[in-house]
Amino acid sequence: MPDITLPPYPDFDPFEMPLTGLGHALRSGRTSAQALVDAFLARIEAFDKNGPAINAISMVNPLARDEARRLDDELRTHGPRGPLHGMPMVVKDNIDTAGMPTTAGCAALKTAVPLADAACVASLRAAGAIVLAKTNMSEMAASHGRFGYSSASGLTVNPYRLSRNASGSSSGSGAAVAASLAAFGLGTDSFGSVRGPACVHALVGLRPTHGLLDNAGVLPLAPSFDTVGPLARSVSDVKIVMDALAPGRGFGLAPATLAGRRLAVVSDFAGGNPEIDTLFGRALATIEAAGAACYPVRLPAAFMNLYGDLLGEITRAQWAAALDGYLGRFAGSAPATAQALLAKIEAGIDNGARQTNPLTVVALRQSIETRDTEAAVDMAALRRVRALIDQTFDACGADAMIFPTQACPASPRFDQADASYHCHAAQPLAAMHVASATGLPEVSVPMGFTAAGVPAGLSWLGRAGTDAALLSMASAFETLTQHRRAPDCTPSLQTGRLVMRCGTI
């Protein structure tokens, strides 16, 4: 471990601090935006590039300190813009940030530098947030068994247990926020890419109602399912970020209570892992003791294989055309079409020792070659799935459905075994596909830890447009349980000598 030079304000430590605490410290003069940037950069140096070498960060914003200085000046002369003033954030590398390449984890896109921020980044910057860094991700937002791996930046590992995956595809954002490398993070979610990283990093991750947030400036995978979503260490932090992304939608206004709530308990995803099932049972006991009425439900059989039956085929039909529309905006040597991107990937000129996941290459080639072939399933099939889930909500008058975010803990990273991992589920990620197929909001909150020290998540699925109410229910559960804890191997830098106890095989 190299010597780490701590930033000014030695009595102030941003480690694990919520946005409200960071904002109060900033406004009261206990710290500054510049000091926060330096503090998080020190943590990146200590834990991302050295120590456990999490490898969550793909590129640090070279202008982050300049942005912080301007915001400090503005705070002194005009006051804060709001609760995000001076808050350093990390941004998944498939989301445009002006002047920094949007590689989406693909070495062939290292020259794809946008002129403008994505809509979501622009909103957060307008609210006072600072882009501290871009984060690594499953290449092209398509994990295909290699969660957190990319040809551009290598493999992001899980800071709770280095032999397990960091989920995907928002792997770097999840690992970075879990390790307190930033105040909060942005990810994208098509089939679980925010909720999965939240689950395996003891974070809160929201997939908003589809269409609530603007996807402009985000490299697409499947427009019918893609959405931006926040990752944070608490529900209150997610509410603050969402209020900046979707102002006027009631985030933070609904009371955080479970009393009187009607919850549908989905049992279809049980049986994959006994520890997950036990943690889910304890969560239900807590929820019922808080005054919620819980009703067991079973979903129609169609929900057990949504990716294989619907989502994958629609993605195949949309991916190439969506990429053409996005890539065509770049100038210079960046690939301008999906076909040009594939050719550059297959040439391997920019990859060096890292190669693109072969399954991702196969999927991209198939989408390009069959782009004129209509999907075997149409959007009407998605509407039928949505109708089925709405009927399930209506049958018991449920405010939300709850279930484990993943049926099993984080699986071993693709390049390493872990004998402590056990999973009996044929499709341990199937539960996350319900929100993807229906467009409904879902939030994952910490549910506890397995004996191996791996986090588990509890998902809350709501009706369309009930994002704020859903977060309030999740907040009540979070307050009662307090399951969030930092990884052992990324402790505070201000505790003296670092003693790291990272989980390994």
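Colleague: Is the crossing of H9 and H12 left-handed or right-handed?

Modeller: This is a predicted model, in which local features need pLDDT of at least 70 and side-chain atom pairs count only at pLDDT 80 or more, while totals for chains, interfaces and linings use all residues. The axes of helix H9 (residues 306-327) and helix H12 (residues 379-396) come within 11 Å and cross at roughly 145°, with axes being lines fitted to C-alpha atoms over the stretch in contact and angles running from 0 to 180 degrees between N-to-C directions. A crossing is left-handed if the near helix is turned anticlockwise from the far one by less than a right angle, and right-handed if clockwise. For H9 and H12, the crossing is left-handed.

Colleague: How many nonpolar residues does the contact of H9 with H12 have?

Modeller: Residues are numbered from 1 along each chain as its sequence is written, and side-chain values use heavy atoms, with hydrogens and water left out. Contact means heavy atoms within 4.5 Å, and Leu-306, Leu-310, Leu-311, Ile-314 and Gln-318 in H9 meet Met-379, Ala-381, Leu-382 and Val-385 in H12. Ala, Val, Leu, Ile, Met, Phe, Trp, Tyr, Cys and Pro count as nonpolar, Asp, Glu, Lys and Arg as charged, and the others, Gly among them, as polar. By these classes the contact has one polar residue, no charged residues, and nonpolar residues numbering eight.

Colleague: Why is the disulfide of Cys-408 and Cys-423 described as right-handed?

Modeller: A disulfide is a pair of cysteine sulfur atoms within 2.5 Å, and Cys-408 is joined to Cys-423 with an S to S distance of 2.1 Å. Both cysteines lie in the loop between strand E11 (400-404) and helix H13 (433-438), 15 residues apart, where helices (H or I, at least four residues) and strands (E, at least two) are DSSP runs numbered from the N terminus. The disulfide is right-handed because the torsion about its S-S bond is about 75°.

Colleague: Which cysteine of this pair is partly exposed?

Modeller: Buried means under 20% relative accessible area, exposed over 50%, and partly exposed in between (1.4 Å probe, protein chains only). Cys-408, at 2%, is buried. The partly exposed cysteine, with a relative accessible area of 25%, is Cys-423.

Colleague: How many bridges pair E12 and E13?

Modeller: Two strands pair if DSSP finds at least two bridges between them. Strand E12 (residues 442-449) forms a hairpin with E13, with five residues between them, and Val-443 stands opposite Trp-460 in E13. E12 and strand E13 (residues 455-462) are antiparallel, and the number of bridges is seven.
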